[in-house]
Amino acid sequence: MIEHKNIPELCVPAGNLNILKYAIAYGADAVYIGGGRFNLRTMGDNFNDDELSQAVEYAHSNRRKVYLALNAVIDESELGELEKYINNIKNLDFDALIISDPGVFQKVKEIIPGARIHISTQASTSNHQSVNFWGSLGASRVNLARELSQGDIKDICRLSNIEIEVFIHGALCISYSGRCMLSKYMSGRDANKGLCSHTCRWKYYLLEEKRPNAYFPVYQDKRGTYIYNSRDLCLLAELDKVVETGARSLKVEGRMKTENYVSRVTWVYRQALDLIKEGKFTEQKKSYLLKELDKTTHRTYTAGFMFLDGKHNLELTDNGNVGYLRKYRFAGNVESFSEKYDAPVIKARNQIKKGDVLDIMQPGKNPIKFTLSEIIDSNSEKQMEVANTNASIIIKGLGKIDSYSLINVKL
Ligand code: SF4
């Protein structure tokens, strides 16, 4: 197995400051975030001005990078607000700004001449000429369209003058990156302004024009029909082949996801990249990491357009069973440690009960399994059978676990 000296950056999403800290603890090289305006997750938590500054400081003090997304499509009427916003963030030391609109690109260059700019997947860049066009304007990286194959990406990396980034994991659109109007048509919420209502995941019926109230079900499975619904992208099993393309950054989708999701996905891909670096990404290791990744809530996976062979073509056309798969439930985060009970104090994020089989994730360590036999209320110190959401509990017998540990319950 070949060793790879130049392992690409692992770039992961964070919807708020807390998630950014988890992402860093679990091994992200870079984290991308959104401020209050002009990014593609305006429905998410996002970072206010003070949090943006804290994010930069925290990431840099941990020697990681932080990128700010400014990748929405901008209307003429928004240009004034955009200018104010760029002026507002101009003194923050982001490692790059993520942009898709040439107007935003121009404005950023005017106001922050030294800014590094990454071109968002929203720009649908799909050949090296386009990459070099962006490079000639001063961009330092392009995140390619998600609809390209491994061969194309390899050629683009070879022929490009600037860095290439590709998505390796997370939700996909059924439309070409950055060109979806489905949400705007059906709910009035424009996906290209960060307001996507995920219309493609809705349930659809067959309707005959003369019988407006007769909704004929068309079943793909017992829950209904989801003709536009895409599987989730997962390139873990073939990550070594993605590394071989020469891409400098591998990106995970999911700025609306919890710290639990982001931490596990980050940990799994961190392990995989470290193993690839050492030439030890064996079938056995791959299968272990795929099982760990499967503990996140996700749709059926696909390798997308990366490998257009018989197996992967089938994945693209067969969108059966694309509802969420859930084998574990997020149960809590570690809050502190009780010396008296020699056990961690956990903030319950969902119900936990005696007898539950827990999965304990800790930064930099393999997850461990623990069967819950004693729960103590951390305030009253009484024994409990069941702890509900927001309860502060002591899990007896677990011993010391690290900061940023996350607890899941096996379903
Ligand atoms: S509606 Fe679906 S395909 Fe369109 S942008 Fe939203 S998630 Fe993507």
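Colleague: How many of the nine residues of helix 1 (residues 17-25) are buried?

Modeller: This is a predicted model, in which local features need pLDDT of at least 70, side-chain atom pairs count only at pLDDT 80 or more, and totals for chains, interfaces and linings use all residues. Residues are numbered from 1 along each chain as its sequence is written. A residue is buried if 20 or more other C-beta atoms, placed from the backbone, lie within 10 Å of its own, and helices (H or I, at least four residues) and strands (E, at least two) are DSSP runs numbered from the N terminus. Helix 1 is mostly covered, and its buried residues, Ile19, Leu20, Lys21, Tyr22, Ala23, Ile24 and Ala25, number seven.

Colleague: Against which elements do the buried residues of helix 1 pack?

Modeller: Packing rests here on contacts, that is, on pairs of residues whose C-beta atoms, placed from the backbone, lie within 7 Å. The elements that meet the buried residues of helix 1 include two strands and two helices, namely strand 1 (9-13), strand 2 (30-34), helix 2 (49-61) and helix 9 (259-277).

Colleague: Which helix gives the most to the side of domain 1 that touches domain 2?

Modeller: An automatic or database domain assignment divides the protein chain into domain 1 (9-177 + 231-317) and domain 2 (328-410). The contact between them takes ten residues from domain 1 and nine residues from domain 2. On the side of domain 1, helix 1 and helix 9 each supply at least two residues, and the one that gives the most, with four residues, is helix 9.

Colleague: What is the radius of gyration of the protein chain?

Modeller: The protein chain has eleven helices and 22 strands. For its 411 residues the globule rule gives 22 Å, and the radius of gyration is close to this, so the chain is as compact as a globular protein of that length. The radius is taken over C-alpha atoms, the rule being 2.2 Å times the number of residues to the power 0.38, and its value for this chain is 23 Å.

Colleague: How many charged residues does the shell around the ligand have?

Modeller: The residues around the ligand, near it in the sense that the C-beta atom, placed from the backbone, lies within 6 Å, include Cys173, Cys180, Cys196, His198 and Cys200. Ala, Val, Leu, Ile, Met, Phe, Trp, Tyr, Cys and Pro count as nonpolar, Asp, Glu, Lys and Arg as charged, and the others, Gly among them, as polar. By these classes the shell has seven nonpolar and four polar residues, while the number of charged residues is none.

Key:
A residue is buried if 20 or more other C-beta atoms lie within 10 Å of its own, exposed if 12 or fewer, and partly exposed in between; C-beta atoms are placed from the backbone.
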